[in-house]
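Here are a few exercises to work through with the model open beside you. Try each task before reading its solution.

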Amino acid sequence: MTRIDFYILSSDQPQQADIFACRLAEKAYRSGLRVLVAVDNRDHASQIDQLLWTFREDSFLPHGAQSEEQHSAIEINSGEDPGTHHGLLINLCSKVPKWFSRFERLAEIVVQHPDTLQRSRLRFGHFRDRGYPLQSHKIN
């Protein structure tokens, strides 16, 4: 069963979720996990792609758009089927992808913005009611 981690940021800025997603992807990559970052559209995918190059000056993270021809340690998904991925799914989508349960772990990132908080509370309740193992982590 998929383990679900909610990372609760103290910031109310939505872009901080993207920066934290990069940090989390880096940590998972360094631990040997394959990572899929799910976003709603290609514009957001481009932003994540750029941020993975620039979020930290001394970091290199092998990444790219998800594709059948080429695989990267960190892939960015903008609505495609995840294929053979099953490690860590970092969800930056407005909805939880229907295929999230294929993954060993799902990371939900919460910022202190009213819309995000409301969505996150609904997701937490949905997962809890279905018996998924849940963890919450407060991030300063």
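**Exercise 1: Two rings from distant parts of the chain**

Tyr7 has a relative accessibility of 9%, so it counts as buried. Keep in mind that you are looking at a predicted model.

*Task.* Find out whether Phe20 is buried or exposed, and classify the aromatic pair that Tyr7 and Phe20 form.

*Solution.* Start with accessibility: buried means under 20% relative accessible area. Phe20 has 6%, so Phe20 is buried. Next, turn to the rings among the seven aromatic pairs of the structure. The centres of Tyr7 and Phe20 are 5.3 Å apart, with 45 degrees between the planes, and the pair is tilted. Finally, place the partners: Tyr7 belongs to strand β1 (residues 3-9) and Phe20 to helix α1, 13 residues apart, and the pair links distant parts of the chain.

**Exercise 2: A pair between loops**

*Task.* Work out which parts of the chain the pair of Phe100 and Tyr132 ties together.

*Solution.* First the geometry: the ring centres of Phe100 and Tyr132 lie 5.4 Å apart and the planes meet at 55 degrees, so this pair is tilted. Then the location: Phe100 sits in the loop between β5 (88-91) and β6 (105-110), while Tyr132 sits in the loop between α3 (114-129) and β7 (134-139), so parts 32 residues apart in sequence are tied together. Both Phe100 and Tyr132 are buried. To finish, widen the view: Phe100 and Tyr132 belong to one aromatic cluster with Phe6, Phe124 and Phe127.

**Exercise 3: The two sides of a helix**

*Task.* Which residues of α2 are buried, and what do they pack against?

*Solution.* Begin with the helix itself: α2 has 13 residues and reaches 18 Å from its first C-alpha to its last, close to the 18 Å expected. Its buried residues are His44, Ala45, Ile48, Leu51 and Leu52. These cover an arc of only 125 degrees around the axis, which means they are on the same side of α2. They pack against α1 (15-30), β2 (35-38), β3 (63-65) and β4 (74-77). On the other side of α2, Arg42 and Asp43 are exposed.

**Exercise 4: A closer look at Asp43**

*Task.* Decide whether Asp43 is buried or exposed, and find which residue's side chain reaches to its backbone nitrogen.

*Solution.* Asp43 is part of helix α2 (residues 42-54). The cut-off for exposed is over 50%; Asp43 has 60% relative accessibility, so Asp43 counts as exposed. Now check the start of α2: a side-chain oxygen of Asn41 comes within 3.2 Å of the backbone nitrogen of Asp43.

Technical notes: Residues are numbered from 1 along each chain as its sequence is written. This is a predicted model: local features need pLDDT of at least 70, side-chain atom pairs count only at pLDDT 80 or more; totals for chains, interfaces and linings use all residues. Side-chain values use heavy atoms; hydrogens and water are left out. Helices (H or I, at least four residues) and strands (E, at least two) are DSSP runs, numbered from the N terminus. Buried means under 20% relative accessible area, exposed over 50%, partly exposed in between (1.4 Å probe, protein chains only). The expected span of a helix is 1.5 Å times one less than its number of residues. The arc is that of the directions from the helix axis to the C-beta atoms. Contact means heavy atoms within 4.5 Å. A polar contact is a pair of N or O atoms within 3.5 Å; within protein, one must be able to donate a hydrogen and the other to accept it, and residues adjacent in sequence count only if both atoms are side-chain atoms. Rings of Phe, Tyr and Trp (its six-membered ring) pair if their centres lie within 6.5 Å; planes under 30 degrees apart count as stacked, over 60 as edge-to-face and the rest as tilted.
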